[in-house]
Amino acid sequence: MTATTHSPAAASVPPRVAGVSGRKAQKAARRRRGGAAGVLMAPFFVLLTLVFLLPVGTAVWLSFFSDDQPGLGFGAERTVFVGLRSYTAVLTDPSFLSGLGTVALYCLIYIPLMTVGSLALALLLDSGVVRLRSWAQLGLFLPHAVPGIIAALIWLYLYTPGLSPVIEVLGKADITVNFLGLHTAVPSIVNIALWSNLGYNMVIFYAALQAVPREVLEAAVVDGAGPVRTALRVKTPLVRPSIVMVAMFTLIWALQLFTEPMLLHQGSQIIGARFSPSMYIYDAAFSRNNYSLAAAASVILLVITIGVSYAVTRWTNRVNPAEENAR
């Protein structure tokens, strides 16, 4: 018989001990990954708290309190709890409801024009039809580099009768146009916003189009698809996430309409000081010194923005599975 010797190094580790040590290693790895993720996400949560959560919390707090004077108004002001009184005042104020209607009309005109127009420009640049592509991109993007206040002042000059060379040229052709009239004020504001932001969104779409696989486009050409059909049936569906993102961001900014009408109302009787909800908030806070009313209007506008954004997100998520099933 031959004796078999077993060295300590060759001894097998019991399965239970190996399993325990493996679980400990996995837990340690998860803790390390969690710690790294926490460190990387910490700046985001700090900024989120400072620029969003704290201002929203302050607005909600202010909306429930108001400065009242007792008696006939000769006593000292004191801050009192008013509950939902400010919210009721905002929701029953015709000027605020009118502002919501104005913004709704603005969104119906502006968002489709912005999304379709910027996508069309990006498709033109990507198709190679436009020569000097880099210069064309720069020229389209330059208006976005102009601050919104400066852009509004430029267009106010172009919209003002007696100053505008555009109105003067149209007048010589016996065409009378009041750009800041009852039926033209909202389209005039849409024109300013398009001029300022069309190139910016075009750059987003153009970057998304550059990520479209070239072999897919070559296959479409082999199948006999022309440039227009390739753009509409191949490229556009492939950049659909970018279209949804641009539409969503445009909607959020449109609901906060402020800069353009705020400057244009200096030269128009139609655009009042409460033309949009954001202008209503500004007027309540800095013209009427009613911070409770302004805070309540701000919270209502925030809730409307979140609700509309959520509805659009849910709708797009429902459309995606339906299209995939149809394919």
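The following paragraphs lead through the surface patches, one helix and the salt bridges of this structure, which is a predicted model.

The account begins with helix 1, which covers residues 15-63. Lysine 24 is found in this helix. With a relative accessibility of 57%, lysine 24 counts as exposed, because the threshold for that class is over 50%. Lysine 24 also belongs to a surface patch of positive charge, in which it gathers with Arg23, Lys27, Arg30, Arg31, Arg32 and Arg33. Leucine 53 has its place in helix 1 as well. Its relative accessibility is 44%, so leucine 53 is classed as partly exposed. Leucine 53 contributes to a patch of another kind: together with Val46, Leu47, Leu50, Val51, Phe52 and Leu54, it makes a nonpolar surface patch of about 660 Å².

Attention now turns to a loop. Proline 147 sits between helix 4 (133-145) and helix 5 (148-159). A relative accessible area of 49% makes proline 147 partly exposed. In sequence, proline 147 and serine 196 are separated by 49 residues, yet their C-alpha atoms are 8.7 Å apart in space.

Helix 10 allows a check of geometry. It has 16 residues, numbered 240-255, and at 1.5 Å a residue it should span 22 Å; the C-alpha atoms at its ends are 23 Å apart, which agrees with that expectation. Several residues of helix 10 are buried, namely Arg240, Ser242, Ile243, Val246, Met248, Thr250, Leu251, Ala254 and Leu255. As background to reading such a list, an α-helix has 3.6 residues a turn, so residues three or four places apart point the same way.

The salt bridges complete the picture, and the count comes to three. In one of them, the side chains of aspartate 126 and lysine 235 meet at 2.7 Å, N to O. Aspartate 126 lies in helix 3 (residues 94-127) and lysine 235 in helix 9 (residues 227-238), so this pair ties together parts that are 109 residues apart in sequence. Both aspartate 126 and lysine 235 are buried.

Arg274, Asp283 and Arg288 are linked in a network of salt bridges. Within this network, the side chains of arginine 274 and aspartate 283 meet at 3.0 Å, N to O. Aspartate 283 also forms a salt bridge with arginine 288, at 3.0 Å, N to O. Aspartate 283 has a relative accessible area of 9% and is therefore buried. Arginine 274, at 32% relative accessibility, counts as partly exposed, and arginine 288 is likewise partly exposed, with a relative accessible area of 32%.

Technical notes: Residues are numbered from 1 along each chain as its sequence is written. This is a predicted model: local features need pLDDT of at least 70, side-chain atom pairs count only at pLDDT 80 or more; totals for chains, interfaces and linings use all residues. Side-chain values use heavy atoms; hydrogens and water are left out. Patches are made of residues with over 30% relative accessible area and no salt bridge: like charges are joined within 9 Å, nonpolar side chains (Val, Leu, Ile, Met, Phe, Trp, Tyr) within 5 Å. Accessible areas come from the Shrake-Rupley method with a 1.4 Å probe; for residues, only the protein chains shown count as cover. A salt bridge is a side-chain nitrogen of Lys or Arg within 4 Å of a carboxyl oxygen of Asp or Glu. Helices (H or I, at least four residues) and strands (E, at least two) are DSSP runs, numbered from the N terminus. Buried means under 20% relative accessible area, exposed over 50%, partly exposed in between (1.4 Å probe, protein chains only). The expected span of a helix is 1.5 Å times one less than its number of residues. Lys and Arg count as positive and Asp and Glu as negative; His and the chain ends are not counted. The place of a charge is taken as NZ of Lys, CZ of Arg, CG of Asp or CD of Glu.
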